[in-house]
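Work through the exercises below with the sequence and the model open beside you. Each task is followed by a solution that goes step by step.

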Amino acid sequence: MEKTLATFCASIVVTILLLVTVLIQGTEGSIGVNYGTVANNLPPPAQVAKFLLESTIINRVRLFDTNTDILRAFAHTGIAVSVTVPNDQIPHLTKLNFAQDWLKTNVQPYVPATNIVRILVGNEVLSTANKLFIASLVPAMQNLHTALVGASLDRRIKVSTPHSLGILSNSSPPSTGKFRQGYDIHVLKPLLSFLRATNSPFMINPYPFFGCSAETLDYALFRPNAGVLDDNTKLTYTNMLDGQLDAVFSAMKALGFGDLEIVIAETGWPSKGENSQLGVDAESAAQYNSNLMRHVTSGAGTPLMPNRTFETYIFALFNEDLKPGPTCERNFGLFQADMTPVYDIGILRPTVAAATKIHRVTYLLLVTIGLLVINNHENPTDKSSSFLQARSSIPNNPTPVPKVAPGNPPSPGPAGSSNDEKIWCLPKSGADTEALQRNIDYVCGLQEEYCKPIQEGGECFLPNTVRAHAAFAMNAYYQSTGKNDYDCDFLQTAAISRVDPSYGNCKY
């Protein structure tokens, strides 16, 4: 009977964890944003990082430089960050010692606290027509990878470079997509070989906005339309983005690299422009970006690449008031400078509390199931009384732990307790999110090892909430310092618990 109950409860636990994973990953999947800073009215980076983490479903950010303040701001958030080498630095990276120094200065001081996952060498380099930049591109990428290998960061951080659709000499119909002659063999083939060898993606910046006309506006915005038939493949395209991606895929396949992952490094739609421009308004921008998000995360893929999802970065996070060019260039942002949405596409969480609630409900269910199993084993004849007794051991309002004055020895723990007792240090139920984030920063700053499991890809990264990450980090510190009461104070935001919060592969 006990084995049956334990097996049943274990299956419920697995089901709950899978459900929570689906809830979190299903919405956050692989949607990122381009964080441009060509403006004089943007909020501080720390405020931006906190906003993205706690108020949006965005879990990836692409930067156009290696801004120190921004990299520090994203420390301990788990948000995946891609940094960029400016185009004019590319020729210097053809020297290995410069690449090593660049890495030591711009990347190594920030990892692993900041989850840097890619170094992008330039942006749309081939479209610059600068012969020196273009000739230096692949050697620069190779040297940066060599520098990453030397720093033992090559598995954590990949090297790539984003391209405009200008690299194609032909894109319609999609099956005839080809790279520009000259670039195809001398630049793109060695670049694709490098990406395959280093398990890095090919990155492209497709913009249906710049390719549409009055006749193709619905096609560009994912609205209902008659579709476009590719006579070669007899496949019908219902949106312009799929056609652009498949044209790139066809060009890659023609060179023998159809197996590489494609990442959408930039795409977007402006909410404001000149009166003469077609479909430049908030409604069209909202339609494009909301339909884009659904499409790239749906798993439908494209006609030539079915059953795929695409890591996608929307351009851009903010409207940037100092960008040159026409009005539309300053109005691609999802948010105004005060972080209010320009339009609603479902990128904001319903409430921060809702995300926390999922974690809390799951935690309580796991605790309840665990207690049922324990109590059934200890006292099968009186399950109800032992369950209530076990519940009473969860401190709802624990007595604050007195602080120890500097220089004074710590007082011994409660009578009858020992360092071998199974106890954990967890956030109080009413602890402020901002205070918990400060606790994470403090603990992770003391010792990187405390926080590795809550980095992306770690056993305890999900659920990706401040409260869940704080619980792990605070407890890791508490366990490693001898389980003294004063090590589970954290300015009265934490308390001792005798209920193991571990779940799945995440062991506290």
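## Exercise 1: Strand β9 and its partners

Three bridges join strand β9 to strand β12 (residues 262–267), and the two strands run parallel. The model used here is a predicted one.

Task: Work out which residues stand opposite each other where β9 pairs with its partners, and say which way the side chains of β9 point.

Solution. Begin with the pairing to β12, where phenylalanine 202 stands opposite isoleucine 262. Next turn to strand β6 (residues 162–164), which pairs with β9 in the parallel sense over three bridges; here serine 164 stands opposite asparagine 205 of β9. Then follow the side chains along β9 (residues 202–205): Phe202 and Ile204 point one way, whereas Met203 and Asn205 point the other way, and all of them are buried.

## Exercise 2: The sheet as a whole

Task: Place β9 within the sheet, and explain why β5 and β6 each have one side left without a neighbour in the sheet.

Solution. As a first step, recall that strands of a sheet pair through backbone hydrogen bonds, either parallel or antiparallel. In this model an open sheet of nine strands, with parallel pairing, has the order β5-β4-β3-β2-β1-β13-β12-β9-β6, which puts β9 between β12 and β6. The edges are taken by β5 (158–160) and β6, each of which has a single partner strand, and therefore one side of each has no neighbour in the sheet. From one strand to the next, the twist averages 25 degrees.

For a further pair in this order, look at strand β1 (residues 31–35) and strand β2 (residues 60–63), which run parallel and are joined by four bridges; asparagine 34 stands opposite arginine 62 in β2. Arginine 60 also has its place in β2, and at 15% relative accessibility it counts as buried. Leaving aside residues up to four places away in sequence, arginine 60 touches several residues, among them Ile31, Val33, Ala80, Glu311 and Glu456.

## Exercise 3: Helix α5 and what it meets

Task: Decide whether α5 is roughly parallel or roughly antiparallel to α6, and describe the contact between them by residue class.

Solution. The axes of helix α5 (residues 131–150) and helix α6 (residues 183–197) come within 10 Å and cross at roughly 10 degrees. That makes α5 roughly parallel to α6, because angles under 35 degrees count as such. From α5, the residues Ile134, Leu137, Val138, Met141, Gln142 and His145 take part in the contact, and from α6 they meet Tyr183, Val187, Pro190, Leu191, Phe194 and Leu195. Sorted by class, the contact has 10 nonpolar, two polar and no charged residues. Helix α5 also lies across β3 (80–85), β4 (116–121) and β5, and runs at about 155 degrees to β4.

## Exercise 4: Aromatic pairs

Task: Classify the ring pair of phenylalanine 179 and phenylalanine 202, and say which parts of the chain the pair ties together.

Solution. A search of the whole structure finds 17 aromatic pairs. In the pair of phenylalanine 179 and phenylalanine 202, the ring centres are 6.2 Å apart and the planes stand at 55 degrees, so the pair is tilted. Since phenylalanine 179 lies in strand β8 (residues 178–179) and phenylalanine 202 in strand β9, the pair ties together parts that are 23 residues apart in sequence. Both of these phenylalanines are buried.

Compare this with tyrosine 207 and phenylalanine 210, whose pair is edge-to-face, with 5.5 Å from centre to centre and 65 degrees between the planes. Tyrosine 207 has a relative accessible area of 12% and is buried. Ring pairs also link Tyr207 and Phe210 into a cluster whose members include Phe64, Trp269 and Phe332.

## Exercise 5: Backbone exceptions

Task: Find where proline 112, proline 173 and glutamate 124 lie, and state what sets their backbone apart.

Solution. Most residues other than glycine have a negative phi, and most peptide bonds are trans. A cis peptide bond, with omega about 5 degrees, joins valine 111 and proline 112, and proline 112 is found in the loop between α4 (96–106) and β4. Another cis peptide bond joins serine 172 and proline 173, with omega about -5 degrees; proline 173 lies in the loop between β7 (168–170) and β8. Glutamate 124 is not a glycine, yet has a positive phi of about 50 degrees, and its place is in the loop between β4 and α5.

Technical notes. Residues are numbered from 1 along each chain as its sequence is written. This is a predicted model: local features need pLDDT of at least 70, side-chain atom pairs count only at pLDDT 80 or more; totals for chains, interfaces and linings use all residues. Side-chain values use heavy atoms; hydrogens and water are left out. Axes are lines fitted to C-alpha atoms, for helices over the stretch in contact, and angles run from 0 to 180 degrees between N-to-C directions. Angles under 35 degrees count as roughly parallel, over 145 as roughly antiparallel, 65 to 115 as roughly perpendicular and the rest as oblique. Contact means heavy atoms within 4.5 Å. Ala, Val, Leu, Ile, Met, Phe, Trp, Tyr, Cys and Pro count as nonpolar, Asp, Glu, Lys and Arg as charged, and the others, Gly among them, as polar. Buried means under 20% relative accessible area, exposed over 50%, partly exposed in between (1.4 Å probe, protein chains only). Two strands pair if DSSP finds at least two bridges between them. Rings of Phe, Tyr and Trp (its six-membered ring) pair if their centres lie within 6.5 Å; planes under 30 degrees apart count as stacked, over 60 as edge-to-face and the rest as tilted.
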